[in-house]
Amino acid sequence: MGDERAADCWAEGDAIALVGPGVSTRVTRLHRGPQKVGGDSVLDLTDQIGRPVGGVVTWLGATYRAVRPSVSDLLSQVRRGAQIVTAKDAAQLVLLAGVGPGGSVAEAGSGSGALTIVLATAVGPAGHVVSCDRRPEFLENARSNVARSGWGDRVEFVERDVAKDGWGRTGFTSVVLDLAEPWEVLAASRGALVTGGYVATYTPTYNQLERTVRRLRELGFAEVRATELIERGIHVGDGGTRPEFEMLGHTGFLAAGRKVD
Ligand SMILES: C[S@@+](CC[C@H](N)C(=O)[O-])C[C@H]1O[C@@H](n2cnc3c(N)ncnc32)[C@H](O)[C@@H]1O
């Protein structure tokens with residue numbers, strides 16, 4: 001039986017990732033005419049428009065395949081205002097908060113929108129993310145980063161101090177908090193979640209983690225847990241395979257709980 005799917009072809013304005021063995025991946029937009037990519041080097045991708053995704057591009061002596069960007073590629077493109085969540089922690093937050101296809105997710109703060117992109121990817125086209133931040137300049141940057149990722153239609157940005165004003169609606173399957181005082185938002189989050197829904201938090205210090213976990217317990221959340229992910233790269237070399245000498249020693253702590261009535 002033949003493959004009857006329509007060919008996936010490039011359109012002007014698409015995000016495009018150039019991937020090849022032994023070279024760094026480049027992510028850019030598909031525009032007509034020459035454009036600067038990676039510093040001052042100029043690349044012209046005009047002839048890709050209308051062609052099937054996956055074609056060969058040669059540039060600066062290297063050969064790439066032009067493919068649709070992965071979520072990691074999209075994160076590498078985020079313009080930073082607020083400090084962003086790391087990829088390893090974002091992936092774990094998705095699991096801890098039970099975020100999946102069709103989910104209805106409340107997030108605060110939006111920050112730079114990096115975690116929002118991961119959440120919007122996880123909920124898929126049938127899902128929805130409401131992302132709140134109390135600072136309009138961060139909200140604007142997050143909105144523009146999420147729009148460039150292509151998931152703008154899955155995310156609603158709201159200017160709101162969720163510690164003071166709560167979420168303003170209910171029925172969320174997940175609440176994800178990356179802000180300084182998550183314990184101030186847990187009672188409102190409990191009220192906004194469906195029974196069986198999860199809240200997950202991300203904080204940089206033990207003090208914040210402890211206050212968060214104590215509050216989760218006080219509020220009667222089930223399955224309360226606190227974790228930290230430590231990622232160590234492995235150098236695979238001809239002379240031997242060993243851990244990398246350098247690593248990121250600390251990013252943030254994760255906590256989670258599940259609403260039961
Ligand atoms: C560390 S940043 C979030 C980064 C984001 N997760 C990302 O990956 O890009 C924290 C954000 O929380 C926002 N924030 C702090 N307290 C808040 C509150 N009570 N209500 C809404 N936003 C809040 C800040 O303005 C800031 O933008």
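Here is a walk through the inside of this structure, from its nonpolar cores to a small set of aromatic rings and a cavity. Keep in mind that you're looking at a predicted model.

Let's start with the greasy parts. In soluble globular proteins, nonpolar side chains tend to be buried together. Here, the largest nonpolar core has 30 residues, and the members that touch the most others are Leu93, Val99, Val105, Leu115, Leu119 and Val129. Which elements each supply at least two residues of this core? On the helix side, they are helix 1 (71–76), helix 2 (87–96), helix 3 (114–123) and helix 4 (136–149). Strand 9 (155–159), strand 11 (193–203) and strand 15 (253–258) do so as well. Helix 3 is the top contributor, giving seven residues to the core.

Now zoom in on Leu115. If you skip the neighbours within four places in sequence, Leu115 is in contact with Val85, Ala90, Leu93, Glu107, Val176 and Asp178. Apart from the largest core there's another one, made of 22 residues, and its members include Val175, Val185, Leu193 and Leu216.

Next, find Leu209, which sits in helix 7 (residues 206–218). Is Leu209 buried or exposed? Its relative accessible area is 11%, and since buried means under 20%, Leu209 counts as buried. What does Leu209 touch, once the neighbours within four places in sequence are left aside? Its contacts are Thr203, Ala226, Phe253, Leu254 and Ala255. For a sense of scale, try going from Leu209 to Val53: they are 156 residues apart in sequence, and their C-alpha atoms are 44 Å apart in space.

On to the aromatic rings, where the count is three pairs. One of them is Trp59 with Tyr64: the ring centres are 6.2 Å apart and the planes meet at 45°, so this pair is tilted. Tilted is the label for planes that are neither under 30 degrees apart (stacked) nor over 60 (edge-to-face). Both partners are tucked away, too: Trp59 is buried at 6% relative accessibility, and Tyr64 is buried at 5%.

Finally, look for empty space. The count gives one cavity of 30 Å³ or more, and the space in the largest cavity is about 30 Å³. Who lines it? Going along the sequence, the lining is Lys88, then Glu228, Leu229 and Ile230, and then the run Leu248, Gly249, His250, Thr251 and Gly252. Sorted by class, that lining holds three nonpolar, four polar and two charged residues.

Technical notes. Residues numbered from 1 in each chain as written. Predicted model: local features only at pLDDT ≥ 70, side-chain atom pairs only at ≥ 80, totals over all residues. Heavy atoms only, no water. 1 Å grid on protein atoms, 1.4 Å probe; cavity = no way out; pocket = protein on both sides within 12 Å on 5 of 7 lines; lining within 4 Å. Points joined across faces, edges and corners; volume = space filled by probe spheres on them. Nonpolar A, V, L, I, M, F, W, Y, C, P; charged D, E, K, R; others polar. Core = buried A, V, L, I, M, F, W, Y, C linked by side-chain atoms within 4.5 Å. Buried < 20%, exposed > 50% of the residue type's maximum accessible area, 1.4 Å probe, protein only. Helix = DSSP H or I, 4+ residues; strand = E, 2+ residues; numbered from the N terminus. Contact = heavy atoms within 4.5 Å. Phe/Tyr/Trp six-rings, centres within 6.5 Å; stacked < 30°, edge-to-face > 60°.
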